[in-house]
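Q: Please pick one part of this model for a close look. Describe its surroundings, and then work outwards to the elements around it.

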Amino acid sequence: MPGYSARPPAIPTVILDDAVTRIIRWDFEPGAATGHHTHGLGYVVVPMTDCHFLIEDAAGERRVTSKAGEAYRRDAGVEHNVINGGTEPMSFVEIEYK
């Protein structure tokens, strides 16, 4: 069925959206996912908790672990689905620069 996912959705909370940046906090229960998406802007991710990512992209699936506070940056154009592949809730802050 198109558009259907057995995974619960990750919860985005917009913290700031102005002319320079958009800042979103993402909260995931175990197994929750963002859904497949393409980033139209470059961004920085700052994990608020230890994050056990399951990433689905054109290359397949891979697992990535990031410690709380361990920031990373990606360029615009990234296409993926981000899933909490761990057994505990996880959250991160995503900062997009316009």
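**H39 and the two sheets**

A: Not counting residues up to four places away in sequence, H39 touches A76, G77, V78, H80, E94 and E96, where contact means heavy atoms within 4.5 Å. This is a predicted model, in which local features need pLDDT of at least 70 and side-chain atom pairs count only at pLDDT 80 or more, while totals for chains, interfaces and linings use all residues. Residues are numbered from 1 along each chain as its sequence is written, and side-chain values use heavy atoms, with hydrogens and water left out.

H39 sits in the loop between β3 and β4; strands here are DSSP runs of E with at least two residues, helices are runs of H or I with at least four, and both are numbered from the N terminus. H39 counts as buried because its relative accessibility is 5%, the limits being under 20% relative accessible area for buried, over 50% for exposed and partly exposed in between, with a 1.4 Å probe and protein chains only. Its side chain makes a polar contact of 3.1 Å with the side chain of H37. A polar contact is a pair of N or O atoms within 3.5 Å; within protein, one must be able to donate a hydrogen and the other to accept it, and residues adjacent in sequence count only if both atoms are side-chain atoms.

H37 leads into the sheet that holds β3. H37 stands opposite H80 in β8, and H80 is one of the residues that H39 touches. β3 and β8 pair in the antiparallel sense over two bridges; two strands count as paired if DSSP finds at least two bridges between them. The open sheet here has four strands in the order β3-β8-β5-β6, with antiparallel pairing. β3 (37-38) and β6 stand at its edges with a single partner strand each, so one side of each has no neighbour in the sheet.

Next in this order, β8 (residues 79-84) and β5 pair in the antiparallel sense over four bridges, with F53 opposite N84 of β8. β5 (residues 51-57) also pairs with β6 (residues 60-66), again antiparallel, over seven bridges. A hairpin of two residues joins β5 to β6, and the bridge partner of I55 in β6 is R62. L54 lies in β5 and is buried, its relative accessible area being 9%. Its contacts beyond four places in sequence are R7, E61, R62, R63, N81, V82, I83 and G85. The C-alpha atoms of L54 and Y72 are separated by 16 Å, with their positions 18 residues apart along the chain.

The other contacts of H39 to follow up are those with E94 and E96. E94 of β9 stands opposite V45, and β4 and β9 run antiparallel, joined by six bridges. β4 also pairs with β7, antiparallel, over three bridges; there the bridge partner of Y43 is R74 in β7. These strands belong to an open, antiparallel sheet of five strands in the order β1-β2-β9-β4-β7. At its edges stand β1 (11-17) and β7 (72-74), each with a single partner strand, so one side of each is left without a neighbour in the sheet. The twist averages 20° from one strand to the next, using axes that are lines fitted to C-alpha atoms (for helices over the stretch in contact) and angles from 0 to 180 degrees between N-to-C directions.

On the other side of β9 in this order, β2 and β9 pair in the antiparallel sense over eight bridges, and W26 stands opposite F92 of β9. W26 and F92 are also among the residues that touch the most other members of the largest nonpolar core, together with F28, F53, V82 and M90; this core has 13 residues. A nonpolar core is a set of buried Ala, Val, Leu, Ile, Met, Phe, Trp, Tyr and Cys residues joined through side-chain atoms within 4.5 Å. β2 (21-28), β4 (42-47), β5 and β9 each supply at least two residues of this core. M90, leaving aside neighbours within four places in sequence, is in contact with residues including W26, F28, F53 and I83. S91 of β9 (residues 90-97) is buried at 2% relative accessibility.
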